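User: I am new to this model and would like a close look at one part of it, the buried charged side chains. Could you walk me through them and then show me what lies around them?

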Amino acid sequence: MEQSSCVRQQQRSDEFPAAELLAAERRLRHAVREGDLAGLHSLFHPQLVSVRPDGSCHGREHEAAAFGTGTLVVEAIEPEETVATVVGATGVTRTVLAARGWHEGVPFETRVLCTRTWVHDDAAGWQVLATRVGAVEPGV
């Protein structure tokens, strides 16, 4: 299920509608599942800050390399819920995902909450500036 906001909003006319941001979120999931380095580089802002469930913090090159080297292989990534909010050229997505794959050769199957801050410019489109991936409590 995709929503344009998790809070009720009054009518507004965003310069960059949430539909475009939701499409970028879908492209990112596709690039992750396919290990598409070019796609990941186009969607990761050069100053990306990514915080993993263990609290470790990584940049764009490290995140992309994890998929390119096979350190992180995501076989399945299915959104259960996605909420997007856009204000000007900044967007936030909150997605609960079911994921399955391998990390450093160890299989995993999990549900995670991904909260991403996106920025938009005319040349690059939507890019992830920051992401936080964390465990989802049962019942969420």
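Analyst: Let's start with two charged residues, Glu25 and Arg116: both of them are buried, a word used here for a relative accessible area under 20%, while exposed is over 50% and partly exposed lies in between (1.4 Å probe, protein chains only). A word on the background: this is a predicted model, in which local features need pLDDT of at least 70 and side-chain atom pairs count only at pLDDT 80 or more, whereas totals for chains, interfaces and linings use all residues. Residues are numbered from 1 along each chain as its sequence is written, and side-chain values use heavy atoms, with hydrogens and water left out.

Glu25 and Arg116 meet through their side chains in a salt bridge, at 2.4 Å from N to O. This pair joins distant parts of the chain, since Glu25 sits in helix H1 and Arg116 in strand S6, 91 residues apart. The term salt bridge stands for a side-chain nitrogen of Lys or Arg within 4 Å of a carboxyl oxygen of Asp or Glu. Helices (H or I, at least four residues) and strands (E, at least two) are DSSP runs, numbered from the N terminus.

Glu25 has a second partner. Its salt bridge with Arg29 has the closest N and O atoms 3.9 Å apart. Here both residues belong to helix H1 and are 4 residues apart, about one turn of the helix. Why do Glu25 and Arg29 count as buried? Glu25 does because its relative accessible area is 0%, and Arg29 does because its relative accessibility is 8%. Taken together, Glu25, Arg29 and Arg116 are linked in a network of salt bridges. Across the model, the rule gives 7 salt bridges.

Another residue to find is Thr95, which lies in strand S5. Thr95 counts as buried because its relative accessibility is 0%. Leaving aside residues up to four places away in sequence, Thr95 touches a list of residues that includes Glu25, Arg29, Glu81, Thr82 and Leu113, where touching, or contact, means heavy atoms within 4.5 Å. With Thr82, the side chain of Thr95 makes a polar contact to the side chain at 3.3 Å. A polar contact is a pair of N or O atoms within 3.5 Å; within protein, one must be able to donate a hydrogen and the other to accept it, and residues adjacent in sequence count only if both atoms are side-chain atoms.

Glu81, one of the residues that Thr95 touches, has a salt bridge of its own. Glu81 pairs with Arg94, and the closest N and O atoms are 3.4 Å apart. This pair too links distant parts of the chain, with Glu81 in strand S4 and Arg94 in strand S5 (residues 90–103), 13 residues apart. Are these two buried or partly exposed? Glu81 counts as partly exposed because its relative accessibility is 23%, and Arg94 is partly exposed because its value is 28%.

Now look at the strands around these residues. S5 and S6 run antiparallel and are joined by 14 bridges; strands are said to pair if DSSP finds at least two bridges between them. One of these bridges matches Val96 with Leu113 in S6. The two strands form a hairpin with 2 residues between them, where Glu104 takes a positive phi near 50 degrees. S6 is also joined to S7 by 10 bridges, again antiparallel. In that pairing Leu113 stands opposite Gly134 in S7. S7 is joined to S2 as well, by 4 bridges, and these two run parallel.

Finally, here is the nonpolar setting. The largest nonpolar core has 25 residues, and those with the most contacts inside it are Leu28, Val32, Leu40 and Trp118. Among the elements that give two or more residues to this core are helix H1 (18–34), strand S4 (72–87) and strand S6 (106–121). H1 gives the most, with 7 residues. A nonpolar core is a set of buried Ala, Val, Leu, Ile, Met, Phe, Trp, Tyr and Cys residues joined through side-chain atoms within 4.5 Å.
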